[in-house]
Amino acid sequence: MSSSLKLQNITKCFEAGSVNEKVALNHLNLTVEPGEFVTVLGSNGSGKSTMFNVILGSIFPDEGTVYLGEEDITKQKDYKRALNIGCLYQNPLRGTAPNLTIEENLALAYTRKASPSLFAINKKDSEYFREVVSTLGMGLEDRMKTKIGLLSGGQRQAASLLMATIAQPKLLLLDEHTAALDPGAAEKIMEMTKKIVTENKITTLMITHDMEYALQYGSRTIMLDSGSIIMDLQGEEREQMTTGQLAEIFYSKSRHKAD
């Protein structure tokens, strides 16, 4: 079941006290309700990736608290969070075992739900994996015994999306997961993302630089700058926002930062 996410007063500074000091997150506050799909904008260095890394447990904040549902996970190890948080990255090569088959990769991901121990693929699971893969409409159900490293970028990202969601995570993080794909493959992956997130009501955060995607998907758009949330669009305001208007806000912040 999906959970809420709450970032409370999150601060992270790198190389504090040196000439290279960088405040990546500056008392950031964010609450995402269960099942909410939020798109995330921000220029390079705005704090998007650091925010994701704090949520994933790859880095710990200097100040603040991270809640997944009612649980304080601020100091929880990343491998424990992985039981409840799915993540998909920009690079289709990341997050999969290229020398294992599609079926074996899905089995590894599925153990987060079934068992945190070693996996063995039984007939029932194999049939389930094939059924789930068939919903993608990419013909991968006939390539379940194919090593995942032999797939195209789009096919591999589709398989990675299933890996990130097959164990029904409480939270899904998407880090520009279509940026490395050609336009056709990117559109297919986004439609799959929408279908999976909507049907399973997964709480989702999606980093993107695509203004159309930022407004087309989900029900809320936030923008980060200098480690803080400077815009939070939802409801009628978001519905009336055009991609041109959103781009102007985005680039005006970038120009201001560069001046």
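Which residues does Leu162 touch, not counting residues up to four places away in sequence? In this predicted model, the contacts of Leu162 beyond that sequence window are made with Leu106, Val132, Val133, Leu136 and Ile196. Leu162 belongs to the largest nonpolar core, which comprises 36 residues, and is listed with Ile102, Leu106, Phe129 and Met206 as touching the most other members. Two or more residues of this core are supplied by each of helix 3 (102–114), helix 4 (123–134), helix 5 (153–165), strand 7 (171–175) and helix 6 (183–200), and the greatest contribution, seven residues, is that of helix 6. A second core, separate from this one, consists of 26 residues, among them Val38, Met51, Leu205 and Leu224. In soluble globular proteins, nonpolar side chains tend to be buried together.

The second largest pocket encloses about 340 Å³ of space. Its lining is formed by 14 residues, of which Val132, Thr135, Leu162, Ile196 and Asn200 lie closest to the pocket centre. Helix 4, helix 5 and helix 6 each give two or more residues to this lining, with the largest share, five residues, coming from helix 6. When the lining is divided by class, seven residues are nonpolar, four are polar and three are charged.

Five salt bridges are present in the structure. One of them pairs Lys12 with Asp62, whose closest N and O atoms are 3.5 Å apart; because Lys12 lies in strand 1 (residues 5–14) and Asp62 in the loop between helix 1 (48–56) and strand 4 (63–68), this pair ties together parts that are 50 residues apart in sequence. Lys12 counts as buried at 12% relative accessibility, whereas Asp62, at 43%, counts as partly exposed.

Another salt bridge is formed within helix 6, where the side chains of Lys195 and Glu199 meet at 3.3 Å, N to O; the two residues are four apart in that helix and are therefore separated by about one helical turn. Lys195 has a relative accessible area of 39% and is partly exposed, while Glu199, at 52% relative accessibility, counts as exposed.

A further salt bridge brings together the side chains of Arg220 and Asp232 at 2.8 Å, N to O. Arg220 is located in strand 9 (residues 220–225) and Asp232 in strand 10 (residues 228–234), so that the pair, 12 residues apart, links distant parts of the chain. With a relative accessible area of 7%, Arg220 is buried, whereas Asp232 counts as partly exposed at 32% relative accessibility. Through salt bridges that share partners, Glu36, Arg220 and Asp232 are joined into one network.

Terms used: Residues numbered from 1 in each chain as written. Predicted model: local features only at pLDDT ≥ 70, side-chain atom pairs only at ≥ 80, totals over all residues. Heavy atoms only, no water. Core = buried A, V, L, I, M, F, W, Y, C linked by side-chain atoms within 4.5 Å. Buried < 20%, exposed > 50% of the residue type's maximum accessible area, 1.4 Å probe, protein only. Contact = heavy atoms within 4.5 Å. 1 Å grid on protein atoms, 1.4 Å probe; cavity = no way out; pocket = protein on both sides within 12 Å on 5 of 7 lines; lining within 4 Å. Points joined across faces, edges and corners; volume = space filled by probe spheres on them. Nonpolar A, V, L, I, M, F, W, Y, C, P; charged D, E, K, R; others polar. Salt bridge = Lys/Arg side-chain N within 4 Å of Asp/Glu carboxyl O.
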